[in-house]
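The following paragraphs lead the reader through a single model, one region at a time. Please keep the sequence and the structure in view while reading.

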Amino acid sequence: MNIQGKITLKKGKEHSIERFHPWIFSGAIQAMEGEVVDGGGVQVVNFKGKILGYGHYQNGSIAVRMLSQNSEMPAADFWVTKLQAALALRKASNLPSTTTNAFRLIHGEGDGLPGLIVDYYDGVAIVQAHSVGMHVDRQAICSALQQVLGDGLKTVYYKSQSTLPGKVRTPEKDEYLFGMSAVPHVIAEHGNKFLIDWEEGQKTGFFLDQRENRKLLGDFSKGKKVLNTFCYTGGFSVYALQAGAELVHSVDASEKAIALTRKNIDLNGFNPNVHECYAEDTFDFLKDKQDHYDVIILDPPAFAKHRDARHQAVKGYQRLNMEAMKAIKSGGILFTFSCSQVVDRQLFYDTIVSSAIQAGRQIKVLHHLAQPADHPVSIFHPEGEYLKGLVLYVA
Ligand code: SAH
């Protein structure tokens, strides 16, 4: 990281940084010196000139994303050290394991690298920048990945066209920074196989964040009639079939997602007669399905990406869950999720209470679910907790 500028905070604005929160908002800045450029590295000091740390500057509401929160200048091995720390956390969480070879290696603030996501798919690293600074430093990140992961790393693909601020998006496409493994690429997750296509797929190609929740679904699926909505790659469907579900229905509005689900069902060698796919809107699909399923999974995309969309999002979750509760047979199970950052755990819970009242069903909470260990949350940055879920018993 190249530190060329210096930012002085207004008096009193140093407190959150001293408590290791990693963001500095533009309104907290008193002065800028040296070369403070979009995506460049800066030193951050308090009003008395005391060094608070170093970060990436960006012209925007979040003006600095802190990458190091001590007085020492980041050294030449900065990226390698950060990646090694992230890998150590995964290893402590038994990732990779004998049955799982895909995991998130860098989860932004949770790994002290705000603005950076790296997903690892058995030898292939997908790098996704959410900040200009990470975009500027992408080659250094790629080199550090090669150093830390060694010969096991075959490919680094940079996929940030949809996540970077518009101003830095370049006309050239997402690109390979190293190697070029063929797509689709097969990974293993708890022994189940999935096809990953980072070039054409959503996000980095797969939703690694549901790994442990998919596994839990297996405990509820044997001999059951299961509905997996918003199925994308069919992740939950594969786990339900693996556990011996009697029949699984997979629903997604995207034809591409449905095609991928079919391929993953085939790849795992399941009898095609126990699985049916529907390229349909989930809300429409649920309309005429009263008392129909033993188990339903609701894993919608974020209904709200910003605070001003929160009210609409809550209404969406409320209606969706109410419809699903009606579609569950007595004694059935609902796995329900929200990945909207602006809908916190309490608000999500309250929304589900409201769905239960409207559906007129007696509901018991069996499990509170979250994102897995490879999507860690810094205790100083609670905003990093985004995935919330509940397993409900519907009497
Ligand atoms: N459950 C998946 C991830 C879901 S991502 C997994 O475990 O990997 C959200 C999916 O919802 C996307 O595939 C998107 O195509 C689909 N989707 C979005 N709106 C939808 C709608 N109204 N009805 C059905 N599917 C929808």
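A convenient place to begin is Lys-203, which is located in the loop between β13 and α5. The model is a predicted one, and in it Lys-203 has a positive phi of about 50° although it is not a glycine. Most residues other than glycine have a negative phi, and most peptide bonds are trans. With a relative accessible area of 52%, Lys-203 counts as exposed because the cut-off for that class is over 50%.

His-190 also has a positive phi without being a glycine, here near 45°. This residue belongs to the loop between β12 and β13. Is His-190 buried, exposed or partly exposed? Its relative accessible area is 26%, and His-190 is therefore partly exposed. A positive phi is likewise found at Gly-244, which follows α6 and has a value near 95°.

Two peptide bonds deserve attention next. Leu-95 and Pro-96 are joined by a cis peptide bond with an omega of about -10°. Pro-96 sits in the loop that runs between α2 (78-92) and β7 (102-107). A cis bond also links Val-183 to Pro-184, and there omega is about -10°. Pro-184 is placed in the loop between β11 (175-178) and β12 (185-189).

The overall division of the chain can now be considered. The domain assignment gives domain 1 (3-68), domain 2 (78-187) and domain 3 (207-394). Taken over C-alpha atoms, the centres of domain 1 and domain 2 are separated by 25 Å. Where these two domains meet, 11 residues of domain 1 are in contact with 15 residues of domain 2. Together they bury about 960 Å², of which 57% is on carbon and sulfur atoms. On the side of domain 1, the residues that lose the most area to domain 2 are His-56, Gln-58 and Leu-67, which together account for 49% of what that side buries. What kinds of polar pairing occur across the interface of domain 1 and domain 2? Five residue pairs are in polar contact there, with both residues at pLDDT 80 or more, while the rule finds zero salt bridges across this interface. Strand β6 (residues 62-68) gives the most to the side of domain 1 that touches domain 2, namely four residues.

The interior of the model is the next subject. The largest nonpolar core has 33 residues, and Tyr-121 and Phe-335 touch the most other members of this core. At least two of its residues are supplied by each of β9 (124-129), β13 (192-196), α5 (211-218), α6 (235-242), β17 (293-298) and β18 (328-338). Which element gives the largest share of this core? That share, five residues, comes from α6. Domain 2 (78-187) and domain 3 (207-394) each contribute at least three residues to this core. Apart from neighbours within four places in sequence, Phe-335 has contacts that include Asn-213, Leu-216, Leu-217 and Phe-220, together with Ile-296, Ile-297 and Leu-298. Leu-369, Leu-390 and Val-391 are also among the residues in contact with Phe-335. A second, separate core has 32 residues, among them Phe-103, Leu-105, Leu-116 and Tyr-120.

The helix α6 merits a closer look. It is mostly covered, with seven of its eight residues buried. These buried residues are Gly-235, Phe-236, Ser-237, Val-238, Tyr-239, Ala-240 and Leu-241. Two of them, Val-238 and Tyr-239, are touched by Asn-192, a residue of strand β13. When residues up to four places away in sequence are set aside, Asn-192 also touches Ile-187, Gln-242 and Asn-268. Why does Asn-192 count as buried? Its relative accessibility is 2%, and the class requires a value under 20%, so Asn-192 is buried.

The last stop is Val-342, in the loop between β18 and α10 (345-359). Val-342 is buried, because its relative accessible area is 13%. Residues up to four places away in sequence aside, it touches Ala-304, Lys-305, His-306, Arg-307 and Arg-310. Val-342 and His-375 are 33 residues apart in sequence, and their C-alpha atoms are 17 Å apart in space.

Note on methods: Residues are numbered from 1 along each chain as its sequence is written. This is a predicted model: local features need pLDDT of at least 70, side-chain atom pairs count only at pLDDT 80 or more; totals for chains, interfaces and linings use all residues. Side-chain values use heavy atoms; hydrogens and water are left out. A nonpolar core is a set of buried Ala, Val, Leu, Ile, Met, Phe, Trp, Tyr and Cys residues joined through side-chain atoms within 4.5 Å. Buried means under 20% relative accessible area, exposed over 50%, partly exposed in between (1.4 Å probe, protein chains only). Domain bounds come from an automatic or database domain assignment. Contact means heavy atoms within 4.5 Å. Buried area is the accessible area (1.4 Å probe) that two parts lose on being put together, summed over both. A salt bridge is a side-chain nitrogen of Lys or Arg within 4 Å of a carboxyl oxygen of Asp or Glu. A polar contact is a pair of N or O atoms within 3.5 Å; within protein, one must be able to donate a hydrogen and the other to accept it, and residues adjacent in sequence count only if both atoms are side-chain atoms.
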